[in-house]
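Reader: I am new to this structure. Please pick one part and take me through it closely. Short sentences would help.

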Amino acid sequence: MPITFQPIELFGGAITANLPSSYADVSNIREVPDHQEIYLDASGFSSVIVEIAERVSDPPTDQEALKFHFEDIVDEHDTSRVWHTDVAQLVRLPPNAPCYTLLATTTPPAAINGNIQAKTPSFTAVLLTMIRLEAQSTDIVVTVNVPHIPGHQEPSDGEVNFEERKFGSLVEDGIKIRDEVWRSLEVRDWGLFGGGGDVS
């Protein structure tokens, strides 16, 4: 089924982006930190998190900062693997705001030990995008999380093999969501970052 999107105001409208119409604002059911916006698939387990983070300057390189943000969200007990990193293009942001992306998976200890309980993912695909705003001393981190819960995967997916780029329908949908964020994310109020004007 095609994914339908709708424009969403984030952080009081300071940032806007298109997210799936089926995703619900988690802050309506539980407290969410002020520096985060979390939207959860109302009919599944996937989620989108938009986070305003302090710019990482140590480690110094953009690739190392990307890895830092990924490691920051991974549970210390999970096993993780980064499959792919690349430069991202967010067309509604100033051209001098570099953006990077990675595709990774995390696996909880229970899955490795063969002790998966109900609604415990066998693994979670992570599609992370980092937007670097040097003048605002800020990194915007957008994460699309796609848990694979046994019994909830499409039977038609067959074998999911990241090495062969066989991602399955759940991750393919996650990629579509990430790509739509790339096309639509826009900063409407640069005062959100406390530094005034934009980076252009």
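Author: Start with a term. Two strands pair if DSSP finds at least two bridges between them. The model is predicted. Keep that in mind throughout.

First, the setting. The protein chain has three helices and ten strands. From the N terminus, the elements run β-β-β-β-β-α-β-β-α-β-β-α-β. The chain has 200 residues, and 47% of them count as buried. Take the contacts between residues at least 6 apart in sequence: 56% of these join residues at least 24 apart.

The part to look at closely is strand β9, with the strands beside it and the stretch that follows. β9 covers residues 138-148. Eleven of its eleven residues are buried, so β9 is largely enclosed by the rest of the structure. A residue counts as buried when its relative accessible area is under 20%. Look at the two faces of β9 in turn. One side carries Thr138, Ile140, Val142, Val144, Val146 and His148. The other side carries Asp139, Val141, Thr143, Asn145 and Pro147. Both faces are covered.

Now the partners of β9. Strand β5, residues 47-54, joins β9 through eight bridges, and the two run antiparallel. To find your place in this pair, go to Glu51, which stands opposite Val141 in β9. Strand β8 also pairs with β9 in the antiparallel sense, here over eleven bridges. Arg132 has Asp139 in β9 as its bridge partner. β8 and β9 form a hairpin, with four residues between them. Ser137 sits in that turn and has a positive phi of about 50 degrees.

Step across β8 to the next strand. β8 spans residues 123-133 and pairs with β7 in the antiparallel sense over eight bridges. In this pair, Leu102 stands opposite Leu128 in β8. β7 holds residues 99-107, and nine of its nine residues are buried. Cys99, Thr101, Leu103, Thr105 and Thr107 point one way from β7. Tyr100, Leu102, Ala104 and Thr106 point the other way.

One more step brings you to strand β6, residues 79-87. Eight bridges join β6 to β7, and this pair is antiparallel too. Here Arg81 stands opposite Thr105 in β7. Remember Arg81. We meet that residue again in a moment.

Go back to β9 and follow the chain onward. A loop lies between β9 and helix α3, and Glu163 is found in this loop. Glu163 has a relative accessibility of 58%, so this residue counts as exposed; the cut-off for exposed is over 50%. Leaving out residues up to four places away in sequence, Glu163 touches Arg81 and Trp83. The side chains of Glu163 and Arg81 share a polar contact of 3.5 Å. Glu163 and Trp83 are 80 residues apart in sequence, yet their C-alpha atoms are 7.6 Å apart in space.

Lys166 is found in the same loop, between β9 and α3. Lys166 counts as partly exposed because its relative accessibility is 41%. Its side chain makes a polar contact of 3.1 Å with the side chain of Glu164. Neighbours within four places in sequence aside, Lys166 is in contact with Glu159, Val160 and Asn161.

After the loop comes α3, residues 168-184. Its 17 residues should span 24 Å at 1.5 Å a residue; the end C-alpha atoms are 25 Å apart, which agrees. Several α3 residues are buried, including Val171, Ile175, Arg178, Glu180 and Trp182. An α-helix has 3.6 residues a turn, so residues three or four places apart point the same way. Keep that rule in mind when you look down the helix.

β9 and α3 also meet at a pocket. Each supplies at least two residues of the lining of the largest pocket. α3 gives the most, with seven residues. The lining has 26 residues in total, and Ile3, Asp41, Ser43, Leu170 and Asp173 lie nearest the centre of the pocket. The volume of this pocket is about 680 Å³.

To retrace the path, begin at β9, whose residues are all buried. Cross to β8 through the hairpin. Then follow the loop that holds Glu163, and finish at α3 and the pocket lining.

Note on methods
Residues numbered from 1 in each chain as written. Predicted model: local features only at pLDDT ≥ 70, side-chain atom pairs only at ≥ 80, totals over all residues. Heavy atoms only, no water. Buried < 20%, exposed > 50% of the residue type's maximum accessible area, 1.4 Å probe, protein only. Expected span 1.5 Å × (residues − 1). Contact = heavy atoms within 4.5 Å. Polar contact = N/O pair within 3.5 Å; in protein donor to acceptor, adjacent residues only side chain to side chain. 1 Å grid on protein atoms, 1.4 Å probe; cavity = no way out; pocket = protein on both sides within 12 Å on 5 of 7 lines; lining within 4 Å. Points joined across faces, edges and corners; volume = space filled by probe spheres on them.
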